[in-house]
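Please read the report below alongside the sequence and the model. It deals with charged pairs, the ligand and two single residues.

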Amino acid sequence: MAKQKKQFLLDIEPKQLYSVLKPIVSENYRTDQIIQWIYSKKVLDFEGFTNISKDIRGNLESSFTLRSFTNVIKDESILDGTVRYTFRTYDNKYIYAVCLPADNKKTVCISTQVGCPVSCKFCLSGKTKFVRNLSRGEILEEILHIENDIKERVSGILFMGMGEPMLNYKNLTSVIKTLISKKEMNIGKRHITVSSMGIIPAIKNLANEMYGVRFALSLHATDDKQRTKIIPNNFGTTISDLLNVCKYYLKKTSSRVTIEYILLKDFNDTSTDAHRLARLMKTNGLVNPSVQVNLIPYNETNSFDYKTPLQVSILNFKKILKLNGITVNIREPKGLDIGAACGQLGKK
Ligand code: SAH
């Protein structure tokens, strides 16, 4: 929970607010109205709770706060309109979120931790030292801030920013509950995607708890030795374990699963890799219209030696998967000029 002088109201789950606010707000229907002001009308301060008495507003004001970030920097891409937000947290750490505009819709990519404890060998976000999990309220504030800034509701949420969401499971799922609740933020569960490098017990829980959100696995390799080179902190999981848990997620939730595959020049971008990936998917029952492979051509950073593959290798990789009946997409990098693309979310 974000520690501040006043309690951060977004950190408290709405269902707990009835008892937490009891000393100030005695009737439950008033608390319902307050929940509506916070999560549905998204007002920035207690002044805005216009159907709540001045006295109650004053009491809320003296014990609670509705926002925690102390500074926000905005960078806008001249290439594609992507906006990167840098938020300063109450304890002076920096976290990032990205707003991706497409076809009149806005999708946001949000962070779940300050730094990342997994530190994949190609990812700039992972180079930022891990400090702590973001609280429920901080994660929600990323979205609420952006909606307020762009003056419209976002249509999709990607848990693909800084951090490994599955290592912050409790707050992640608390946020998901608020996102999908009709009375709170009311975002369609199919428009929410959680990406993970593979924390198997948490992925199973996410499936069992039936939120119905989409799941994306950062696979990135086709044999275990190769994967360990780029993801040494793999919690002892093998590629076979990971594909198995994807199958489990698919069966249990019938929501779409994405296999993310970063393409690193001369490392995992050969025809042999593509054929091996196709075989792995076949043997694990993942050649299925509900499973999609997202190829992510590497976004180069100064911090690592990996290079983006040649266009011809990218297209060849795609073609091989397609010929094997796999749904495959090449993810276009967004906001490259402002350090907003996948794996670029770190200090500039
Ligand atoms: N920790 C989660 C969430 C991060 S999602 C996860 O691993 O899935 C961000 C996605 O971008 C992941 O698939 C990640 O592996 C990928 N990525 C990281 N650095 C990248 C880079 N430089 N270029 C392209 N993709 C990158």
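## Salt bridges and the ligand site

Lys74 has a relative accessible area of 45%, so this residue is partly exposed. The model discussed here is a predicted one. Lys74 takes part in a salt bridge with Asp149, and the closest N and O atoms of the two are 2.8 Å apart. Lys74 belongs to strand E3 (residues 71-76) and Asp149 to helix H4 (residues 136-150), so the salt bridge ties together parts that are 75 residues apart in sequence. Asp149 is also partly exposed, at 27% relative accessibility.

In total, the structure holds 12 salt bridges. Three of them are set out in the table.

| Salt bridge | Closest N and O atoms |
|---|---|
| Lys74 and Asp149 | 2.8 Å |
| Arg331 and Glu260 | 3.0 Å |
| Arg276 and Asp273 | 3.2 Å |

The salt bridge of Arg331 with Glu260, at 3.0 Å, links distant parts of the chain: Arg331 is in the segment after strand E14 (327-330), while Glu260 is in strand E12 (residues 257-263), 71 residues apart. Is Glu260 buried or exposed? Its relative accessibility is 3%, and a residue under 20% counts as buried, so Glu260 is buried.

Arg276 and Asp273 form a salt bridge inside one helix, H9 (residues 271-283). The two residues are 3 apart in the chain, which means that about one helical turn separates them. Arg276 is partly exposed at 25% relative accessibility, whereas Asp273 is buried at 3%. Salt bridges with shared partners also join Glu13, Lys15 and Lys177 into one network.

The next topic is the ligand. Which residues come nearest to the ligand? Of the 19 residues around the ligand, they are Ser195, Ser218, His220, Asn299 and Gly343. The residues of this shell divide into 9 nonpolar, 8 polar and 2 charged. Strand E10 (192-196) supplies at least two residues of the shell, and so does strand E12, the strand that also holds Glu260.

Backbone atoms of the protein pair with polar atoms of the ligand in several places. A polar backbone atom of Asn299 is 2.9 Å from a nitrogen atom of the ligand. For Cys342, a backbone N or O atom lies 3.4 Å from a ligand nitrogen atom. At Ser196, a polar backbone atom is 3.3 Å from an oxygen atom of the ligand. How much of the accessible area of the ligand does the protein cover? On its own the ligand has 540 Å² of accessible area, and the protein covers 96% of this.

Ala341 is placed in the segment after E14. With a relative accessible area of 4%, Ala341 is buried. Apart from neighbours within four places in sequence, Ala341 is in contact with Asn299, Pro333, Lys334, Gly335 and Leu336. One of these, Asn299, is also among the residues that come nearest to the ligand. Ala341 and Ile239 are 102 residues apart in sequence, and their C-alpha atoms are 26 Å apart in space.

The last residue is Tyr29, which is found in helix H2 (residues 28-40). Tyr29 is partly exposed, its relative accessible area being 42%. Along the chain, Tyr29 and Tyr18 are 11 residues apart, and 9.3 Å separates their C-alpha atoms.

Conventions. Residues are numbered from 1 along each chain as its sequence is written. This is a predicted model: local features need pLDDT of at least 70, side-chain atom pairs count only at pLDDT 80 or more; totals for chains, interfaces and linings use all residues. Side-chain values use heavy atoms; hydrogens and water are left out. A salt bridge is a side-chain nitrogen of Lys or Arg within 4 Å of a carboxyl oxygen of Asp or Glu. Helices (H or I, at least four residues) and strands (E, at least two) are DSSP runs, numbered from the N terminus. Buried means under 20% relative accessible area, exposed over 50%, partly exposed in between (1.4 Å probe, protein chains only). A residue is near a molecule or strand if one of its heavy atoms lies within 4 Å of it. A polar contact is a pair of N or O atoms within 3.5 Å; within protein, one must be able to donate a hydrogen and the other to accept it, and residues adjacent in sequence count only if both atoms are side-chain atoms. Accessible areas come from the Shrake-Rupley method with a 1.4 Å probe; for residues, only the protein chains shown count as cover. Ala, Val, Leu, Ile, Met, Phe, Trp, Tyr, Cys and Pro count as nonpolar, Asp, Glu, Lys and Arg as charged, and the others, Gly among them, as polar. Contact means heavy atoms within 4.5 Å.
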